[in-house]
Amino acid sequence: MAARRRFRWIFLVLGLVAIGLVLFAVFHKKKAAPPPRPAVPVNVAQALVQDMPVSLSELGAAQAWRSDTIVAQVSGIILRTPFKEGDRVRAGQVLAEIDPAPYRAALNQAQGALRRDQALLAEAKMDLARYQALVAQNSIARQTAEDQAQVVKQEEGVVLLDQGAVDAAKVNLNRCTITSPIAGRVGVRLVDPGNLVGSGAAATSTNGSGATSSTASGATTGAASSAAGSAGSITGGVSGSSGIVVVNQISPIAVTFTVPQFEFQRLMQLSDGFRKPLTTQAFSQENNTLLGTGELQIADNKVDPSTGTVELKARFDNAGERLWPGQYLNVVLTLQTMQHATTVPAVAVNQGPNGPYVFVVVGGKAQLRQVKVQSTQGATAIIASGVRPGETVVTDGEMTLKNGSPVRIVSPSQAPATASTNPST
């Protein structure tokens, strides 16, 4: 009886132990390991070492290296304008002829007056010589000879005036033939043959120094005016105050643009006070086509207080005449070329709270690196520190990356090309 009861207790204990083991197995299952993070698809590029030009991109415009407005220096009727609008002209080529008849007549009058007064001077000198001989013989009073000497001086003055009138008349006669002072292209004719033009209209000429000066061929003044008046004053309905035609020198041509004043100081240093030319490129604003390469040569002598900029002027040979006065351009000024610079695509550089950074692929994982960007030129960034040449940087897909994220390279992009100087990049 006691043995049966003992057996029952043992069976009960064994059953409780079995139930406990089952419950333990049910409620104490091992948690499954979390699945591995999926690799982030990215595009990459390799950091390279290359020589990089550092440049400024600004808006600019082409203008004639010299622009001369041809105006009449004497009044008269235009007989002919022997040029074709828009054609090239050479320096000294005839552009217009004014009726010379009144000025030829004025020259004849001046020459006649000169010959008459020269004869009177010769007669006065002969009389003076006779009076001096008689004074030596005590035949006449000394005052008579002295008075005659003053008459000779008066006649000499008259002859000098006559000679000036002749010279002025010759100048006016020569001015009836108007020539081009520079080689360039003529524009649209502003005055047609048969029109009456007048003198004294000022014109502006822009030369290579950037200075604007009055070079209208000059107004007729002094004795020239009196000679023109003796030919008959031509007044009333006179045209030509705006000139006859404009001649623009476009080979070479100038390209003007402005830079901020803080960049101007760097330009002064790199160009040795603009004694060393800096390479300048001009691109079309429509399709960013390179239109020409020139050299920066001139800087304005002041900072514009309204904009805080300094105007610069570059000289382009423009042999193919791809640049035209008044044309708006994108201008790229190369400041210097950095030798053996470490470069990455600019899209690989991101901005964070601690400054710029990139993701570098190391062992199949993304590694966040803080970098120092020295300069960005178009699509290329110059890295001063943080990335070594040959390392692989992420160029696309970095928005979902964290430090240590596994990555899957989708399609390695090409290595960053040398920074384009085209301002569109």
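1. Let's start with the sheet in this predicted model. It is an open one built from four strands, ordered β6-β5-β3-β8, with antiparallel pairing. The edge positions belong to β6 (177-179) and β8 (196-197); each has a single partner strand, so one side of each is left without a neighbour in the sheet.

2. Within that sheet, have a look at how β3 meets β5. Strand β3 covers residues 76-80 and strand β5 covers residues 94-98; the two run antiparallel and are joined by two bridges. For a concrete pair to click on, R80 has E97 in β5 as its bridge partner.

3. Now to helix α3, residues 142-174. A quick check on its geometry works out nicely: with 33 residues at 1.5 Å a residue, the helix should span 48 Å, and the end C-alpha atoms lie 49 Å apart, which agrees.

4. Which residues of α3 are buried? They are A145, Q148, V152, E155, V159, D162, V166, A168, A169, N172 and L173. You will notice that the list includes E155 and D162 alongside V152, V159 and V166.

5. Helix α3 also has a helical companion worth viewing. The axis of α2 (residues 101-136) comes within 8 Å of the axis of α3, and the two cross at roughly 165 degrees. Because angles over 145 degrees count as roughly antiparallel, α2 is placed roughly antiparallel to α3. The crossing of α2 past α3 is left-handed.

6. As for what makes up this contact, the residues between α2 and α3 comprise 22 nonpolar, seven polar and nine charged ones.

Key. Residues are numbered from 1 along each chain as its sequence is written. This is a predicted model: local features need pLDDT of at least 70, side-chain atom pairs count only at pLDDT 80 or more; totals for chains, interfaces and linings use all residues. Side-chain values use heavy atoms; hydrogens and water are left out. Two strands pair if DSSP finds at least two bridges between them. The expected span of a helix is 1.5 Å times one less than its number of residues. Buried means under 20% relative accessible area, exposed over 50%, partly exposed in between (1.4 Å probe, protein chains only). Axes are lines fitted to C-alpha atoms, for helices over the stretch in contact, and angles run from 0 to 180 degrees between N-to-C directions. Angles under 35 degrees count as roughly parallel, over 145 as roughly antiparallel, 65 to 115 as roughly perpendicular and the rest as oblique. A crossing is left-handed if the near helix is turned anticlockwise from the far one by less than a right angle, and right-handed if clockwise. Ala, Val, Leu, Ile, Met, Phe, Trp, Tyr, Cys and Pro count as nonpolar, Asp, Glu, Lys and Arg as charged, and the others, Gly among them, as polar.
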